Amino acid sequence: MAEPTGAGAIHVVAGLLMAGGRVCVTRRRSDVHQGGKWEFPGGKLEPQETPLAGLRRELCEELGIDVLEAQPFMQLRHAYRDLDVLLDIWRIVLYHGEPHGREAQEMRWEEVTRLDPREFPDADRPALRRLQLPSLYAVSDVGRLGEDEFAARLERALAAGVRLVQLREPAMERARFCACARRLSALCRRFGARLLVNADPAWLDECDADGVHANSRTLMALSERPLGGEFWFSASCHNTVELEKAAVLAADFAVLGPVQPTATHPTGPILGWERFADLCRSARVPVYAIGGMEALDLPRASTAGAQGLAMISGLWRARDLEAVVRQLSP
């Protein structure tokens, strides 16, 4: 990334160059803004330059490659104390050449799951989170199955590839909920997965979880992000106002629905796929579709702009749990 100059917002383009679960990152020079940190290669747009043209120029200058095809991935605006940055990130689909540090900068291919937000500029962190999000967000069903049976099914799901789990059990009192969370969190960590708890953020330490998922009521009552960047924060949303609140609070992702009738509320109000797609297009956070989801719904959700599916009944009641997980966890 080029050294930003001048006051006000600057428009910066960056490229996600990926291969085999790894992403190309470069280290900033020590004498520039955010010096010494890792970043996605790219730089500041020149006057009258389009983002795609700027991306092609920057990656040719920095990595010696010709970008043949790229798709928009995410736009992020971040205000540092000394400047305001609009970070425009593109996923590189096709390129020619062998990437190398053409400007003598340090370059490496890093496993996406091993990216540490603390090693990157703050502006990059939402993109790091999104890269690490899987296609499946598994929501618990302890109340129906019982804790032991659910733990057994969760272990099977984790072994098959589940990497993000929400413990949502509103009928549990605090002591039992936190004890259950500790048990499931330990299980998740054995497989490199994360557990978020749908609970008061004040319970987090007692739960030993990786973050908190807020319901829409809690979301709308918050005035700031309830957790530091080392923890995950997500929220349930049903409309534009709630999605925008999630973005303002810097949520790592949102769950949006119900998209279709559910097993517990077969006649309740639903968004439908058309409205879901409209909301996805305007959302400023990654979105999971929830409500009556089955594995076969993933292509439609992806086309609508979703990160993936959040599933309860469609996952835990499946005849072949492992097959469903494998289908949703490429």
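**View 1. Leu-167 in strand β10 of the predicted model.** In this predicted model, Leu-167 has a relative accessibility of 0% and therefore counts as buried. Leu-167 belongs to strand β10. Beyond residues up to four places away in sequence, Leu-167 touches Ser-140, Val-142, Phe-177, Cys-180, Ala-181, Leu-184, Leu-195, Leu-196, Val-197 and Asn-198. One of these partners, Leu-196, is 29 residues away in sequence, with a C-alpha to C-alpha separation of 6.3 Å from Leu-167.

**View 2. The closed barrel of eight strands.** The barrel follows the order β9-β10-β11-β12-β13-β14-β15-β16, and its pairing is parallel. From one strand to the next, the twist averages 30°. Strands β9 (residues 136-139) and β10 (residues 164-167) run parallel and are joined by two bridges. Across this pair, Ala-138 is found opposite Val-165 of β10. Helix α8 (residues 240-248) lies across β13 (232-237), β14 (253-256) and β15 (287-289), and its direction makes an angle of about 170° with β13.

**View 3. The largest nonpolar core.** This core comprises 68 residues, and those with the most contacts inside it are Leu-154, Leu-167, Leu-195, Val-197, Phe-276, Leu-315 and Trp-316. Helix α5 (residues 174-190) contributes the most to the core, giving seven residues. Apart from this core lies another, of 23 residues, which includes Ile-10, Ala-14, Leu-87 and Leu-131.

**View 4. Phe-276 and Ala-304.** With residues up to four places away in sequence left out, Phe-276 touches Leu-256, Val-259, Leu-271, Val-287, Tyr-288, Ala-289, Ala-304 and Ala-306. Ala-304 is located in the loop between α10 (298-303) and β16 (308-311). The relative accessible area of Ala-304 is 10%, so this residue is buried. Outside its neighbours within four places in sequence, Ala-304 is in contact with Phe-276, Ala-277 and Cys-280. Ala-247 lies 57 residues from Ala-304 in sequence and 19 Å from it in space, C-alpha to C-alpha.

**View 5. Cys-178 and Cys-207, two cysteines outside any disulfide.** The cysteine sulfur nearest to that of Cys-178 belongs to Cys-207 and is 3.5 Å away, and Cys-178 is in no disulfide. A disulfide requires sulfur atoms within 2.5 Å. Cys-207 is likewise in no disulfide, its nearest cysteine sulfur being that of Cys-178 at 3.5 Å. Cys-178 has 0% relative accessibility and therefore counts as buried. Cys-207 also counts as buried, because its relative accessibility is 0%. By this rule, the number of disulfides is zero.

**View 6. The open sheet of four strands.** The strand order is β5-β1-β7-β6, and the pairing is mixed. Strands β5 and β6 form the edges, each pairing on one side only. The twist averages 20° from one strand to the next. Strand β1 (residues 9-16) is mostly covered, with six of its eight residues buried. Eight bridges connect β1 with β7 (residues 84-96), and these two strands run parallel. Within that pair, Ala-9 is opposite Asp-84 of β7. By contrast, β1 pairs with β5 (residues 42-44) in the antiparallel sense, over three bridges, and Ala-14 stands opposite Gly-42 of β5. The pairing of β6 with β7 is antiparallel as well and extends over twelve bridges. Asp-84 in β7 is also the bridge partner of Ala-79.

**View 7. Helices α1 and α2 against the open sheet.** Helix α1 (residues 51-63) has 13 residues and reaches 17 Å from its first C-alpha to its last, close to the expected 18 Å. The helix lies across β1, β5, β6 and β7, at about 65° to β1. Its buried residues are Gly-54, Leu-55, Arg-57, Glu-58, Leu-59, Glu-62 and Leu-63. In an α-helix there are 3.6 residues a turn, so residues three or four places apart point the same way. The buried residues of α1 pack against β1, β3 (22-27), β5, β6 (66-79), β7 and β8 (107-111). Gly-64 follows α1 and has a positive phi, near 70°. Helix α2 (residues 125-132) lies across β1, β6 and β7, running at about 125° to β6.

How values were computed
Residues are numbered from 1 along each chain as its sequence is written. This is a predicted model: local features need pLDDT of at least 70, side-chain atom pairs count only at pLDDT 80 or more; totals for chains, interfaces and linings use all residues. Side-chain values use heavy atoms; hydrogens and water are left out. Two strands pair if DSSP finds at least two bridges between them. Axes are lines fitted to C-alpha atoms, for helices over the stretch in contact, and angles run from 0 to 180 degrees between N-to-C directions. Contact means heavy atoms within 4.5 Å. Buried means under 20% relative accessible area, exposed over 50%, partly exposed in between (1.4 Å probe, protein chains only). A nonpolar core is a set of buried Ala, Val, Leu, Ile, Met, Phe, Trp, Tyr and Cys residues joined through side-chain atoms within 4.5 Å. The expected span of a helix is 1.5 Å times one less than its number of residues.
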